[in-house]
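Work through the exercises below with the sequence and the model open side by side. Try each task before reading its solution.

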Amino acid sequence: MADQFLEYVESNQESFIERLRKAVAIPSVSSDPARRQDVFRMADFLVDELEALGAVNIVRRDPGLQNFHGQEIPLPPIVLATVGSDPAKKTVLVYGHYDVQPALKEDGWNTEPFELVEDEQHRLIGRGSSDDKGPVLGWINVIEAHKKQGIELPVNIKFCLEGMEESGSEGLEKVICEEANGYFSDVDCVCISDNYWLGTTKPCLTYGLRGVSYFHLTIKGPARDLHSGVFGGTVHEPMTDLFAVMSKLVSPDGKILVPGIYDKVRELSEAEQRTYDNLDFDMSELHDAVGSKTNIQDNVRELLQHRWRWPSLSLHGVEGAFYNPGDKTVVPARVVGKFSIRTVPDMQPAEVTELVRKYVTEEFNKLGSKNEMDIRCSHDGNYWLASPENWSYVAATKAVERVYNVKPDLTREGGSIPVTLCFQDALNKTVLLLPMGRGDDGAHSINEKLDRSNYIQGTKLLGIYLYEVSEAKAE
């Protein structure tokens, strides 16, 4: 049966690409209220596709209204759907999103962003092709391949598809928690295809993400902005204090200077160390991505470890400061420095916030300034870590080996995908990140693409993963 499935996918490439072409043509940009109806239209498209393939119990969960700068607009539905309900089979919950980033031809696209184009290198170029319409449709392709051939799916599938991922997933967490003991109560594992290979030639499985704690450091003094020629040298200037404190947060070589911040970081084990052997990544790929050779680490192993499993602190900007071109001799009355810490196992957000608060307060007090200082954490998302030894990961490894004839890289990522941790905590089930696209897809950039081979082979991978899951012994 698996062989029949693979043959069907191989011989129906053009119809699958046409399905993706129709999806890309819907400009479902969630961050633009003018495009909100297109996001709803994309939800309708997916519901129609699922219904045509026999999905049942389709629910459009209404997350409510979004307050967009004082304007209340409806949030797009969270689409829940079921394919198969055999109690003797495992149930896989598939998550994906159907909204996309903004895109305009004048941004620098070589083609119209919402018209799927296949170039001479067989790259499928179009907004959302890789993030995340291609992977979502990959699952639908899998269902079609079985239905059209009269083959039973080896597992039951449940879908959770949202339309606000690119805008903070507003409303999703509430639905997941509400349905944990309802729609999702019989789920055995969760699979998300919304990330990318480490490089461009070798598939990977992703088992970890860093968390993020975001801080606002506010310093204020004068009642209003001042003229530096009149008041310079006579008052404590908030910007001077801010720069003094922020300069104490991180060193030029990336070391976080907050005392105790590394105390809870999990030690690097021999088993974890081995996961960095033979990874498909070259230092030139970092240089290409950054556009310079300003890397701190000089070898791939250390570089990836600092991206994935060590914490980092980045300075992001200053609110209230003069930043326009030209000269302006202003002394800002109030400035807000913004920085974040990417957290890793076993750091706890509350402890990180307290360490930062204590240290920043001490450093500010050393200045002897008469200004007022406030430090607060505006957001603290925790890290996520799964075990590559879990049965779902073992099944995915076997699937990669069957489809690509290679053992996948085991990777972590430096960013955060909050829904991953939400599913894990709410359902108490393993979450697998099984990417379809390559590391150079340019998901949020101009000329976003998904290689034809990744789309077709990725569809095969998703299907074979289901077969491997059906045969796996769940722990």
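Four exercises with worked solutions follow.

The model is predicted: local features need pLDDT of at least 70, side-chain atom pairs count only at pLDDT 80 or more, and totals for chains, interfaces and linings use all residues. Residues are numbered from 1 along each chain as its sequence is written, and side-chain values use heavy atoms, with hydrogens and water left out.

**Exercise 1.** Find which residues gather in a patch of negative charge on the surface, and decide whether Glu-106 is buried or exposed.

Step 1. The patch consists of Glu-106, Asp-107, Glu-112 and Glu-115. Patch residues have over 30% relative accessible area and no salt bridge, and like charges are joined within 9 Å. A salt bridge is a side-chain nitrogen of Lys or Arg within 4 Å of a carboxyl oxygen of Asp or Glu.

Step 2. Glu-106 lies in the loop between β5 (91–97) and β6 (117–118). Strands are DSSP runs of E with at least two residues, and helices are runs of H or I with at least four.

Step 3. Glu-106 has a relative accessible area of 66%, so it is exposed. Buried means under 20%, exposed over 50%, and partly exposed in between, with a 1.4 Å probe and protein chains only.

**Exercise 2.** Locate the nonpolar patch on the surface and state its accessible area.

Step 1. Val-230, Phe-231 and Val-235 form the patch, with about 230 Å² of accessible area together. For such patches, nonpolar side chains (Val, Leu, Ile, Met, Phe, Trp, Tyr) are joined within 5 Å. The areas come from the Shrake-Rupley method.

Step 2. Val-230 sits in helix α6 (residues 228–231). Its relative accessible area is 55%, so Val-230 is exposed.

**Exercise 3.** Describe how strands β2 and β3 are joined, and find the residue with a positive phi in their hairpin.

Step 1. Strands β2 (residues 65–68) and β3 (residues 71–74) run antiparallel and are joined by 4 bridges. Pairing requires that DSSP finds at least two bridges between two strands.

Step 2. Opposite Asn-67 stands Glu-72 in β3.

Step 3. The hairpin has 2 residues between the strands, and His-69 takes a positive phi near 50 degrees.

**Exercise 4.** Why is helix α4 described as largely enclosed by the rest of the structure?

Step 1. Helix α4 covers residues 129–149, and 18 of its 21 residues are buried, so the rest of the structure largely encloses this helix.

Step 2. Just after α4, Gly-150 has a positive phi of about 70 degrees.

How values were computed. Accessible areas come from the Shrake-Rupley method with a 1.4 Å probe; for residues, only the protein chains shown count as cover. Lys and Arg count as positive and Asp and Glu as negative; His and the chain ends are not counted. The place of a charge is taken as NZ of Lys, CZ of Arg, CG of Asp or CD of Glu.
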